Amino acid sequence: ISSFDPARGSNLMAVGSCDGKIRFLDARTGRLERVVTLGSQKAPTSLLSYAGRPAILVGAVGDRLVALNPTTGAVIRRGPAVPGLELVAPDHANAPLLGAYGQISPTAGGTFVVWNYQTGRAIWTRPPLPTRYKSGFSFAGPGTLAITFQGDAGGPGLALYDYVDRRVVAK
C-alpha cells in the first residue's frame, strides 16, 4: 500500500511491503530515497497513510498500529496490537485518530479500535452489527464511523456507529 505525503513541496511517497520495509520514493522521478525496516515477512509493514496537519505517517507493522515520522520513517509512537488486523483508516479531517478493524475468526464478529496517535489512548468496541460482512469503514465526523457492508450478505449496506457512546446511529 502506498501513500503520498501531502506536505507542500514534498514529493515523497511511502510504500509499505510484505517484507517489513517502507520504501520512500520521489514521486516525480521514481528514485528510491531511503528504505526503513520496521517489520519482517511475518510482520509486514502495511496500510500506510499520511494523516493530520502537519502530516504524520500512520499504519501498521504486523498487527501493531504505529505513528511514524513522515520523512524518515522513525517510530514516533507504537499503538495497540489489533489481533486479526484487516483494515486501517485515518481520520483525515477531524482529529489525530487512526481506526483499525481486526477479526480473529471468520465466523466471529470483529473489533474496531480507534487510536489517538498523539495521546496514545485507544477505544476498543464491538458494534452490534454483522461486522464479519463489513467491506470497509471510514471516519464520518467526530465520534462516528461509517461502516460499509457487502450488499449480498444481508447486512445493512451502510451503518453509522457512534464509538464514544457505543450505539448505532443509523443503518
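## Close-up views of a predicted all-strand chain

**View 1. Gly 136 of one strand faces Thr 148 of β14 across the pairing.** This is a predicted model, in which local features need pLDDT of at least 70 and side-chain atom pairs count only at pLDDT 80 or more, while totals for chains, interfaces and linings use all residues. Residues are numbered from 1 along each chain as its sequence is written, and side-chain values use heavy atoms, with hydrogens and water left out. Strand β13 (residues 134-139) runs antiparallel to β14, and five bridges join them. Strands here are DSSP runs of E with at least two residues, numbered from the N terminus, and two of them pair if DSSP finds at least two bridges between them. Four residues lie between β13 and β14 in their hairpin, where Gly 141 has a positive phi near 110°.

**View 2. Strand β14 is mostly covered.** Of the six residues in β14 (144-149), five are buried; buried means under 20% relative accessible area, exposed means over 50%, and partly exposed lies in between (1.4 Å probe, protein chains only). Besides β13, have a look at β15 (residues 158-162), which is joined to β14 by five bridges and runs antiparallel to it. Thr 144 has Asp 162 as its bridge partner in β15. As a general reminder, side chains in a regular strand alternate between the two faces of the sheet.

**View 3. Asp 162 also takes part in a salt bridge, with Arg 167.** The N-to-O distance of this pair is 4.0 Å, and a salt bridge is defined as a side-chain nitrogen of Lys or Arg within 4 Å of a carboxyl oxygen of Asp or Glu. Asp 162 counts as buried at 11% relative accessibility, whereas Arg 167 is partly exposed at 43%.

**View 4. Arg 23 and Asp 19 form a salt bridge, as do Arg 31 and Glu 33.** A search of the whole structure finds four salt bridges. Between Arg 23 and Asp 19, the closest N and O atoms are 3.0 Å apart. Arg 23 is partly exposed, with a relative accessible area of 26%, and Asp 19 is partly exposed too, at 24%. For Arg 31 and Glu 33, the closest N and O atoms are 3.1 Å apart; Glu 33 is partly exposed at 30% relative accessibility. In general, side chains of opposite charge can pair when their charged atoms come close.

**View 5. Four strands make an open antiparallel sheet in the order β9-β10-β11-β12.** The edge positions belong to β9 (85-90) and β12 (122-125); each has a single partner strand, so one side of each is left without a neighbour in the sheet. From one strand to the next, the twist averages 15° (axes are lines fitted to C-alpha atoms, and angles run from 0 to 180 degrees between N-to-C directions). β9 pairs with β10 (residues 97-102) in the antiparallel sense over five bridges. Val 88 has Ala 100 as its bridge partner in β10.

**View 6. Stepping back, the protein chain has zero helices and 16 strands.** Its radius of gyration (over C-alpha atoms) is 16 Å, close to the 16 Å that the globule rule gives for 171 residues, so the chain is as compact as a globular protein of that length; that rule is 2.2 Å times the number of residues to the power 0.38. Of the 171 residues, 45% count as buried.
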